[in-house]
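Q: Pick one spot in this structure and take a close look at it with me. Start with what it touches, then zoom out to the rest of the chain.

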Amino acid sequence: MKMSQPPIEPLIHRVSLVDDLDAMRLGLSPVALVERLSARFAAVEAKIQAFVAEEDRFDRLRLDAEALVDSHPGHAERPPLFGALLGVKDIFHADGFPTRAGTAVPSHLFAGEEAQIVTQLKDAGALVLGKTVTTEFAYFEPGPTRNPHNLAHSPGGSSSGSAAAVAAGLAHLALGTQTVGSVIRPAAYCGIVGYKPSFGRVSTEGLVTFSESADHVGFFCQSVADMLAVTQTIVEDWAGYEAAARLPVLGVPDGAYLRGSTALEAYEAQIRQLEEAGYSLRRIKFFDDIDTIDACHQDMIAAELALQHEGWFAEHGDLYRPRTAKLIRYGQTISRSRLEQAREHRMIFLERVHDAMTENGVDLWLCPAAPDVAPGGIGATGDPKMNMPWTHAGLPAITVPAGKGALGLPLGLQLVARFGADRALLRWAGGIEAVFR
């Protein structure tokens, strides 16, 4: 008699933060949630490798869940993210976890106090599942993480593990960072929602710095509703801007920038779908100086990375991986005057973007989240060129899943709002997400 094989656990799994938060308010124990996750983790994590290894992870997590319940025995006084399961990109410091930053450079060199955002999320009731895999120092040298939609493809980077963990249903939410495209791009590749706030709106205190002028803390969830549950809890001054009760006018940045995408046919199909849903789109000639913008941003982040790593690189340069070392060496050649010029360019460019939005009556920019679907292999994390200008300007951006591309891999649409208009961005993003759901 032939033995039947056990069913293969699907690598993509639907998990709703909002639904699980509601269930825990009605009596579901975070301990039971941890038990449920433990079985799934055992089935799929070895294939995806989203998390940094941790001995006795679930013994620790059960104790954390029990302590959370003990500290909030009454349902009425439980914090807003009570029992939410959180992945923390391994460049954030978190109490009880080493920060390795995806590198062989000795971790004691960049140890520090817990990141402010990690503390905020824990105070709001989140349970830290563990550290998620990052590329080396949040640049291009990848870790072992694979895309749960297709294990032969990259999950993107640098927030590789965070995006993959959320897509696989191993976490309700995860922290990432974006210095060029490290939240929006991996979220798109993994078919989930990634949000990068306006520059400085979420504190970067307590992470291993890449570029002080470009580092943004970002978040990953499976839906815009889940993202709103997180952001309205921890983003400062969240009530400061409300979306108008109407559909936003969407701007399409025609020109050299869009020519960086190799999936323009799919992008045009997404545009038609939005127009059929009642959205107004305006094509605007913009970014014809995209090479100048890119040069300013690359020089700025390379110079700031070199300054951050000056002492470490002098002592342990042989431990850095090739692409990271190359960028640091390039950054060492950037003069102080060029660095200041590049920093100033951010503000000039931000004004240009706002002026173009005002002149054309645009509420949100609409553009691809990445040049195409996730690249094959895990030796490279993809090209961040579609994200770079918005990061350079410090504007809030979000990606929502928007259908499938080649090989059935996910495509994402990137939405960008005015500086500070984060709440409006997320409210409007929910409507656009629904068009493609």
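A: Leaving aside residues up to four places away in sequence, R78 touches M24, V69, H72 and P73, where touching means heavy atoms within 4.5 Å. Keep in mind that this is a predicted model, with pLDDT of at least 70 needed for local features and 80 or more for side-chain atom pairs, while totals for chains, interfaces and linings take in all residues. Numbering runs from 1 along each chain as its sequence is written, and side-chain values use heavy atoms, without hydrogens or water.

Of those partners, M24 sits 54 residues from R78 in sequence, yet their C-alpha atoms are 9.6 Å apart. R78 itself belongs to a loop, the one running between α3 (57–71) and β1 (85–89); helices here are DSSP runs of H or I with at least four residues, strands are runs of E with at least two, and both are numbered from the N terminus. Buried or exposed, then, for that arginine? R78 has a relative accessible area of 17%, so it counts as buried (under 20%; exposed is over 50%, partly exposed in between, with a 1.4 Å probe and protein chains only).

Now zoom out. Buried residues make up 59% of the chain's 437. Among contacts with a separation of 6 or more, 80% link residues 24 or more positions apart. The overall dimensions fit a compact globule: for 437 residues you'd want a radius of gyration near 22 Å, and the chain's 21 Å agrees with that (taken over C-alpha atoms, using 2.2 Å times the number of residues to the power 0.38). Along the principal axes, the C-alpha atoms fill a box of roughly 60 × 60 × 55 Å.

As for what's on the outside, the chain exposes about 17000 Å², and carbon and sulfur atoms supply 53% of that area (Shrake-Rupley, 1.4 Å probe).

The secondary structure adds up to 14 helices and ten strands. Helix α7, spanning 224–234, is worth a glance for burial, since it's mostly covered, with eight of its eleven residues buried. Those are V224, I234 and the run D226, M227, L228, A229, V230 and T231. So even an aspartate and a threonine of α7, D226 and T231, are on the buried list.
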